[in-house]
Amino acid sequence: MASSQKQLHLNAFLHGTGHHEAAWRHPDVAPLEELTLAHYVAAAQTAERGRLDSVFLADGLAVSANIAFNPQHSFEPLTLLAALATATEHIGLIATASTTYNQPYSLARAFASVDRISGGRAGWNIVTSAGQGEALNFNLSQRPNHAQRYERADEFVSTAKALWDSWEDDAVVADKAAGVYADAAKIRPINHEGAHFQIQGPLNLPRPVQGHPLLVQAGSSEAGKDFAAQHAEAVFTAHLSVESAREFYADLKGRLGAYGRLPGELKILPGISPYIGRTRAEAQAKHEQLNSLVNPEYGVRQLSAMLDVDLSGLPLDGPLPELPAGTEGMQSRKALVVELARRESLSIRQVTERIAGARGHYTFIGTPEQVADEIELWFTTGAADGFNIMPPTFPGGLDDFVELVVPILQRRGLFRTEYTGRTLREHYGLARPSVRPPVQQAALLAV
Ligand SMILES: Cc1cc2nc3c(=O)[nH]c(=O)nc-3n(C[C@H](O)[C@H](O)[C@H](O)COP(=O)(O)O)c2cc1C
């Protein structure tokens with residue numbers, strides 16, 4: 001049904017065997033499938049059948065300390081997206097890449113390549129890499145601190161934008177008769193000299209189809225929100241209640257004005273992990289079945305990583321210890337988990353159970369109608385522009401969402417029934433950026 005109503009944006013967060021930490025042990029899940037291209041092609045095609053805006057791949061740059069208990073690894077996301085681009089036609093393809101452990105030139109080139117290969121469907125989830133182990137794989141003995149990581153991210157993204165803009169859109173003329181391939185005056189160096197990077201440019205590839213790939217961000221600390229307000233066009237975020245999501249939504253949208261941006265120029269997508277059954281009891285049983293497969297040792301290690309402290313050896317049925325304020329790791333996720341534990345007086349074991357489903361994202365258990373009601377509630381009351389869908393298992397959890405929930409959202413006029421745009425930006429209703437004049441670029445890059 002065509003609709004003039006505001007439309008939801010839906011992203012499928014592809015995550016190995018599933019978002020529940022015991023997904024790989026579920027009877028319907030084939031744990032080794034996640035090491036095949038076919039697994040991801042099937043998921044991306046399912047999401048495309050549901051007319052979702054995009055699929056998204058997370059990434060970390062070190063093997064998990066928990067590898068003994070869980071297949072927590074993934075293919076290199078841009079490599080995988082290039083393959084998915086050839087197996088899909090419409091859906092957006094978002095890859096995580098770190099600003100702490102990459103160089104702007106090579107990453108700008110890789111995203112420009114995937115954007116071309118996919119015909120304008122690439123998105124970059126910009127992360128600063130909070131893990132300690134990641135530093136050890138990139139010539140460092142310690143991760144840079146939180147503030148330094150966000151400072152570098154700012155310069156990184158500004159230079160990546162300048163590199164994409166180093167070719168004007170009409171720089172390639174391909175005039176066979178005149179023997180002129182490109183108008184060299186429209187391909188300019190960026191001559192960047194900053195605190196972190198010295199880059200002459202220009203990029204060795206024409207401007208991406210979308211101008212810039214869609215810029216996505218997923219850190220919700222104060223520094224993260226300011227970074228998002230300046231650079232991001234979509235934000236993934238974790239909230240355990242609609243009230244907290246509303247507060248975040250108003251806060252982040254309120255920061256855009258300082259950067260000369262309008263609220264509609266950034267879409268906020270909280271995570272939701274839906275357990276779907278024909279009845280609520282059936283959905284509840286699915287959730288319980290997965291929870292019964294959880295390994296407590298794994299849970300404590302996960303929680304330790306999230307809080308950036310070692311909880312091993314503490315009594316599982318005791319409370320969380322007093323923790324230092326703040327962290328150089330994941331600030332917003334630590335704050336969310338500590339707040340949950342204190343508010344509900346949870347033991348360490350209970351906290352691990354609460355985050356087993358989706359690492360601190362919102363878990364919702366119900367019938368397809370109830371899931372659709374919840375999505376509509378958040379969407380229509382200022383908590384979300386859409387959702388990051390985090391199926392508990394693959395492929396079953398994504399199939400359930402696409403087959404059972406999407407049609408209800410479509411019937412309610414809240415979600416597209418056909419793709420109307422061609423590029424990822426068009427799916428999200430975001431404008432294609434024009435090339436900034438060189439003088440303005442230079443001013444933006446002066447750091
Ligand atoms: C949905 C979602 C996906 C994320 N994916 C990644 C990822 O793939 N790699 C990564 O290093 N961090 C990822 N993060 C973590 C954030 O980038 C960030 O480190 C974390 O949220 C803490 O940021 P903060 O300190 O600004 O709160 C993700 C966060 C969210 C909400």
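This dialogue reads selected features of a predicted model, from the ligand site to the backbone.

Student: Which conventions hold for the numbering and the confidence cut-offs?

Tutor: Residues are numbered from 1 along each chain as its sequence is written, and side-chain values use heavy atoms, with hydrogens and water left out. Since the model is predicted, local features need pLDDT of at least 70 and side-chain atom pairs count only at pLDDT 80 or more, whereas totals for chains, interfaces and linings use all residues.

Student: Which residues come nearest to the ligand?

Tutor: A residue is near a molecule if one of its heavy atoms lies within 4 Å of it. Here 23 residues surround the ligand, and Asp59, His146, Tyr150, Ser221 and Ser332 come nearest. An oxygen atom of the ligand is 2.6 Å from an N or O atom in the Tyr150 side chain, a polar side-chain atom of His146 lies 2.7 Å from a ligand oxygen, and for Asp59 a backbone N or O atom lies 2.7 Å from a ligand oxygen. The ligand taken alone exposes 620 Å², of which the protein buries 92% (areas by the Shrake-Rupley method with a 1.4 Å probe).

Student: Which elements and domains supply the shell around the ligand?

Tutor: Helices (H or I, at least four residues) and strands (E, at least two) are DSSP runs numbered from the N terminus. Strand S4 (122–127), helix H5 (146–164), strand S10 (234–237) and helix H10 (331–343) each supply at least two shell residues, and the largest share, three residues, comes from H10. Domain bounds come from an automatic or database domain assignment, and the shell draws at least three residues from each of domain 1 (9–281 + 362–446) and domain 2 (295–355).

Student: How should I read burial along a helix, and which residues of H2 are buried?

Tutor: An α-helix has 3.6 residues a turn, so residues three or four places apart point the same way. Buried means under 20% relative accessible area, exposed over 50%, and partly exposed in between, with a 1.4 Å probe and protein chains only. In helix H2 (residues 77–87) the buried residues are Pro77, Leu78, Leu80, Leu81, Leu84 and Ala85. These residues lie on the same side of H2 because they cover an arc of only 150° around the axis (the arc of the directions from the helix axis to the C-beta atoms). Thr79 and Thr86 are exposed on the other side of H2.

Student: What does the side chain of Ser166 contact?

Tutor: A polar contact is a pair of N or O atoms within 3.5 Å; within protein, one must be able to donate a hydrogen and the other to accept it, and residues adjacent in sequence count only if both atoms are side-chain atoms. Ser166, in the loop between H5 and strand S5 (172–175), counts as buried at 3% relative accessibility. A polar atom of the Ser166 side chain lies 2.6 Å from the backbone oxygen of Leu163, and the Ser166 side chain also reaches the backbone nitrogen of Leu203 at 3.0 Å.

Student: Which peptide bond is cis, and where is phi positive?

Tutor: Most residues other than glycine have a negative phi, and most peptide bonds are trans. A cis peptide bond joins Gly201 and Pro202, with omega about -5°, and the bond from Phe394 to Pro395 is also cis, with omega near 0°. Asp308 is not a glycine, yet has a positive phi of about 65°; Asp308 lies in the loop between helix H9 (296–307) and H10. Ser345 has phi near 45° and is exposed, with a relative accessible area of 62%.
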